[in-house]
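Colleague: Please choose a single part of this model and walk me through it slowly, explaining each term as it comes up.

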Amino acid sequence: MAKVIVMTSGKGGVGKTTSSAAISSGLALGGHKTAVIDFDIGLRNLDLVMNCERRVVYDFVNVINGEATLRQALIKDKRCENLYILPASQTRDKDALTKDGVERVLKELAADGFEYIICDSPAGIEHGAFMALYFADEAIVVANPEVSSVRDSDRILGILQSKSRKAEQGERVKEHLLLTRYNPERVEKGEMLAVGDVEEILATKLLGVIPECASVLKASNQGVPVIHDEESRAGQAYSDAVKRMLGEEVDHRFLTPDHKGLFQRLFRRSA
Amino acid sequence: MSFLDYFSHNKSQAASIAKERLQIIVAHERSKRDQPEYLEALQKDIMAVVRKYVDIDTDSIEVQLERNGDYAVLELNVMLPD
Ligand SMILES: Nc1ncnc2c1ncn2[C@@H]1O[C@H](COP(=O)(O)OP(=O)(O)OP(=O)(O)O)[C@@H](O)[C@H]1O
Ligand SMILES: [Mg+2]
């Protein structure tokens, strides 16, 4: 049975695409046949983050419109054996995604033996974001420790609980919270919401905390999902999150400032 | 200055203010979300009727539906000017 997982947030620029690339790569590295779909019609960014932008021939909308087969449109990842990318179309027609069309593609992927289907949602709560979450079995709500992002996350949770197909069928989408761009130094100074605060407000189970990390920009510049950077804190935090998705119990890391930074600060202060 | 002083002196209130504001707005939006969709339309209609007689502004009317087990109470609050 394929699991459809939406990466959603409401607010833009919080790390959905970064997380979709990292987590789909992590699942594939774990031996699971995984597809990642870019629902950001008109913008298309996932292909760049995953370094397959020059191999895009057909896209999601072409498949929905019957202009290409799914097989023709799926791009096999160069790094992970089990990973395939379905790029977004650059059409300006935002309504190109239809419920029927999306459902057909998801069903075909499931029939093809895909175990995980990650849907990278566009920002907002409009049509595209709705299409990305409608068929979800699970949702990873990506939030930053910041007021407007947390408020939007709560709105998205409300939509998942009332407008998704699962909700229509009287069931519930399994929700996870992924807190990204977390800065433990600022949390310690009382300048930034702590992970516990966000968990308490949203009352959603925590999947992971991804620290604010220079490695993320470096990774997207190079087109290598950050999970492949095993030295980086963000890469390790994403690996932990994937393990939790696969049922392992892993302690959360990088929630407090690292000691080097702390001593540097103390030194700077007394100097 | 001791190690702990460093933190207590520099501790900002920003995060706790953010948390408090969020708790309030999220609770407010959740309660609205759980209300039936017709409530907003009902509120508008009631307002139009009241306005035929008294001049009031939009936020002087509050319509709320409270569920209590197997019955629901529709509460209507109209704040009239002196
Ligand atoms: N943990 C992190 N540390 C540092 N920078 C990050 C982190 N996560 C994301 N970013 C940066 O934030 C920016 C937005 O990330 P991303 O494109 O993944 O967000 P998004 O939610 O997909 O945005 P959109 O809503 O536009 O689709 C990018 O420049 C990315 O490099
Ligand atoms: Mg994106």
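Modeller: What follows is a close look at ligand 1 and its surroundings. The model is predicted, so local features need pLDDT of at least 70 and side-chain atom pairs pLDDT 80 or more, whereas totals for chains, interfaces and linings use all residues. Residues count from 1 along each chain as its sequence is written, chains are lettered from A and ligands numbered from 1 in the order written, and side-chain values use heavy atoms, without hydrogens or water.

Around ligand 1 there are 15 residues (each with a heavy atom within 4 Å), and the closest of them are Gly13(A), Lys16(A), Thr17(A), Thr18(A) and Cys213(A). Among the polar contacts (pairs of N or O atoms within 3.5 Å), a ligand 1 oxygen lies 2.6 Å from a side-chain N or O atom of Thr18(A), and for the side chain of Arg181(A) the corresponding distance is 2.9 Å. With Gly15(A), by contrast, the partner is a polar backbone atom, 3.0 Å from an oxygen of ligand 1. Ligand 1 would expose 630 Å² if taken alone, and the protein buries 79% of that area (Shrake-Rupley method, 1.4 Å probe).

The space that ligand 1 takes is the second largest pocket (an open set of points on a 1 Å grid where a 1.4 Å probe fits, with protein on both sides within 12 Å along at least five of seven lines; more than half of the ligand's atoms lie within 2 Å of these points). Two elements of chain A, helix H1 (16-29) and strand E8 (206-211), each give two or more residues to the shell (DSSP runs of at least four residues for helices, at least two for strands), and H1(A) supplies the largest share, three residues.

Terms used
Polar contact = N/O pair within 3.5 Å; in protein donor to acceptor, adjacent residues only side chain to side chain. 1 Å grid on protein atoms, 1.4 Å probe; cavity = no way out; pocket = protein on both sides within 12 Å on 5 of 7 lines; lining within 4 Å.
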